[in-house]
Amino acid sequence: MTQKQVLVREATAEDRDAVRDVLLDAYGQYANTLSEERWEQYKENIVAAASAGATKNRLVAELDGRIVGSVFLFESSEQAYGYVGIHTPIIRLLAVSQEARGHGVATQLIRESAGIALASGAELLHLHTSDMMDSAVRLYERLGFERAKEFDVKNGETLVKSYRLRLRESAILNAR
């Protein structure tokens, strides 16, 4: 399979609907994993986050001129989630449409986010995920993220695990 060129750029206001659609498609894979009530709540949170304005950066990824991925970069956990604790950049809602997976889209979105964080003077980049997102966890670990258990949180019965990337030592940035 030939690797397609992924273009990552800052999102514009005109991209809002496409970003929402990518988020719902990407996270839609969990509709059958979660209870119907939990999935509906999750979808509402995704749509609300796609419309919120507190991000530092909103990036989109394009393949063949179509938006197929997105990620939100926040300056802290307070901006990302509304609670204090992590005072370094955080990526949230990394999403790649199901048909575009396998083309390096998520890696490019993370690489660009890490580069922005490093350029702003940050030493660390954080994210949160759960075991339900096992392929994402494998990607994060492959890219050099390490567990940051002190920032784990519980969402109902679900343990939401914190990960961090040490930006200056990061192979993902050194491979640019």
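Does Ala 171 count as buried or exposed, and at what relative accessibility? In this predicted model, Ala 171 counts as exposed because its relative accessibility is 53%, and exposed means over 50%. Ala 171 belongs to helix α6, which covers residues 171-174. The C-alpha atom of Ala 171 lies 7.2 Å from that of Leu 143, although 28 residues separate the two along the chain.

**The nonpolar core**

Leu 143 is also one of the residues touched by Ile 110. Leaving aside residues up to four places away in sequence, Ile 110 touches Ile 91, Leu 94, Leu 139, Tyr 140, Leu 143, Phe 145 and Ile 172. In soluble globular proteins, nonpolar side chains tend to be buried together. The largest nonpolar core here has 54 residues. Within that core, the residues that touch the most other members are Leu 23, Tyr 27, Ile 110, Leu 125 and Phe 145.

**Helices α1 and α2**

Leu 23 and Tyr 27 also take part in the contact of α1 with α2. Two packed helices are described by the angle between their axes and the distance between the axes. For helix α1 (residues 16-27) and helix α2 (residues 36-51), the axes come within 9 Å and cross at roughly 155°. The two helices are therefore roughly antiparallel, a label that applies to angles over 145 degrees. Their crossing is right-handed.

On the α1 side, the contact is made by Arg 16, Arg 20, Leu 23, Leu 24 and Tyr 27. On the α2 side, Trp 39, Tyr 42, Lys 43, Ile 46, Val 47, Ala 50 and Ser 51 meet them. By type, the residues of this contact are eight nonpolar, one polar and three charged.

**Two residues with positive phi**

Asp 64 has a positive phi without being a glycine, and Leu 93 is likewise a residue other than glycine with a positive phi. The table sets out their values and places.

| Residue | Phi | Place | Relative accessibility |
|---|---|---|---|
| Asp 64 | near 50° | loop between β2 (57-63) and β3 (66-74) | 61%, exposed |
| Leu 93 | about 55° | strand β4 (residues 90-96) | 10%, buried |

Which of these residues is buried, and why? Leu 93 counts as buried because its relative accessibility is 10%, and buried means under 20%. Asp 64, at 61%, counts as exposed. Leu 93 sits in a strand, β4, whereas Asp 64 is found in a loop, the one between β2 and β3.

Conventions: Residues are numbered from 1 along each chain as its sequence is written. This is a predicted model: local features need pLDDT of at least 70, side-chain atom pairs count only at pLDDT 80 or more; totals for chains, interfaces and linings use all residues. Side-chain values use heavy atoms; hydrogens and water are left out. Axes are lines fitted to C-alpha atoms, for helices over the stretch in contact, and angles run from 0 to 180 degrees between N-to-C directions. Helices (H or I, at least four residues) and strands (E, at least two) are DSSP runs, numbered from the N terminus. Angles under 35 degrees count as roughly parallel, over 145 as roughly antiparallel, 65 to 115 as roughly perpendicular and the rest as oblique. A crossing is left-handed if the near helix is turned anticlockwise from the far one by less than a right angle, and right-handed if clockwise. Contact means heavy atoms within 4.5 Å. Ala, Val, Leu, Ile, Met, Phe, Trp, Tyr, Cys and Pro count as nonpolar, Asp, Glu, Lys and Arg as charged, and the others, Gly among them, as polar. A nonpolar core is a set of buried Ala, Val, Leu, Ile, Met, Phe, Trp, Tyr and Cys residues joined through side-chain atoms within 4.5 Å. Buried means under 20% relative accessible area, exposed over 50%, partly exposed in between (1.4 Å probe, protein chains only).
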